[in-house]
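Dear colleague,

I am handing over the structure below for your consideration. My findings follow it.

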Amino acid sequence: MKREIIITSDGSSTIHIPEWNEQYHSKHGAIQEAYHVFIKHGLEYVLDKSLTSTKGEKISILEIGFGTGLNTLITLIEAEKKQVQIEYCGVEAYPISDEEVNHLNYVSELHIEEKSGVFEAIHNSSWEVKHEINEGFSLTKQKKFFKDITDSNLYDLIYFDAFGARVQPELWTEAIFSIMFKALKEGGVLVTYAAKGSVRRAMQAVGFTVTKLPGPPGKREMLRGEKVKSEK
Ligand SMILES: C[S@@+](CC[C@H](N)C(=O)[O-])C[C@H]1O[C@@H](n2cnc3c(N)ncnc32)[C@H](O)[C@@H]1O
């Protein structure tokens, strides 16, 4: 499918798919959305929880839809600031090209010119192999379909960032959310920008305890699901 780079309302770039009229991020601001959904309501929430339960441990993150690498980049930046170690796994079936990577403006929009090498390393790292991108931040990119994820009890946090249900309804089903639920550790958390009732019900049906949260600019709500620890 044809892809083109566009600029969103906060000045940061994203990729647009004309055939679907769908973007990799919100048109209201790619960086703004990524920070709100995945950092504020995902990483920071898990870190706040872990103060009492998993202090000192590494946080392991699974990203559903590695795409442009924006979520990976901002997670690395925040992990450094918060002095937390991260094991990051990004799953992606249709990697973007080097040319597309070169046209993304995240390094300049985030004012992290000193980190341009890191963004390159994120993209240049080979698939299926674990790489230390930075001290305390490892990345494994896996080229495969989401339906083929077989991990069990492995992740503290899932960034569920698939294209919307309007264009890929098959990715917002009980079948996919049960794969996610299994991949999470007990006490693990899944965050997504989506807020549709059918998505919330699919998450609840496979066992998630779901909370509606305020969405990023341009979106009223988003969802967070937790794999609540079972009583022993
Ligand atoms: C909304 S975009 C992800 C945006 C990404 N998180 C970022 O920060 O750029 C959804 C991603 O899922 C990928 N994708 C779509 N269907 C997939 C599937 N069935 N399995 C694996 N990847 C898929 C797309 O190629 C795209 O990169």
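**Strand pairing and ligand site**

In this predicted model, Cys89 has Thr140 of β7 as its bridge partner. The two strands concerned, β5 (residues 86–91) and β7 (residues 137–142), run parallel and are joined by six bridges. As general background, the strands of a sheet pair through backbone hydrogen bonds, in either a parallel or an antiparallel manner.

Both strands belong to an open sheet of eight strands with mixed pairing, in the order β6-β7-β5-β4-β8-β9-β11-β10. At its edges are β6 (130–134) and β10 (209–214), each of which pairs on one side only. On average, neighbouring strands of this sheet are turned by 20° against each other, direction ignored.

Helix α7 (residues 197–205) lies across β9 (184–192), β10 and β11 (221–226). The helix runs at about 5° to β11.

As to the ligand, 20 residues surround it. The closest are Glu63, Gly65, Thr68, Glu92 and Asp161. The following distances involve nitrogen atoms of the ligand:

- Asn71: an N or O atom in the side chain is 3.4 Å from a ligand nitrogen atom.
- Ala93: a backbone N or O atom lies 3.2 Å from a ligand nitrogen atom.
- Gln168: an N or O atom in the side chain is 3.1 Å from a ligand nitrogen atom.

On its own, the ligand has 600 Å² of accessible area, and the protein covers 96% of that area.

Yours sincerely

How values were computed
Residues numbered from 1 in each chain as written. Predicted model: local features only at pLDDT ≥ 70, side-chain atom pairs only at ≥ 80, totals over all residues. Heavy atoms only, no water. Pairing = 2+ DSSP bridges. Helix = DSSP H or I, 4+ residues; strand = E, 2+ residues; numbered from the N terminus. Axes fitted to C-alpha atoms, helices over the stretch in contact; angles between N-to-C directions. Contact = heavy atoms within 4.5 Å. Near = heavy atom within 4 Å. Polar contact = N/O pair within 3.5 Å; in protein donor to acceptor, adjacent residues only side chain to side chain. Areas by Shrake-Rupley, 256 points an atom, 1.4 Å probe, with all protein chains shown as cover.
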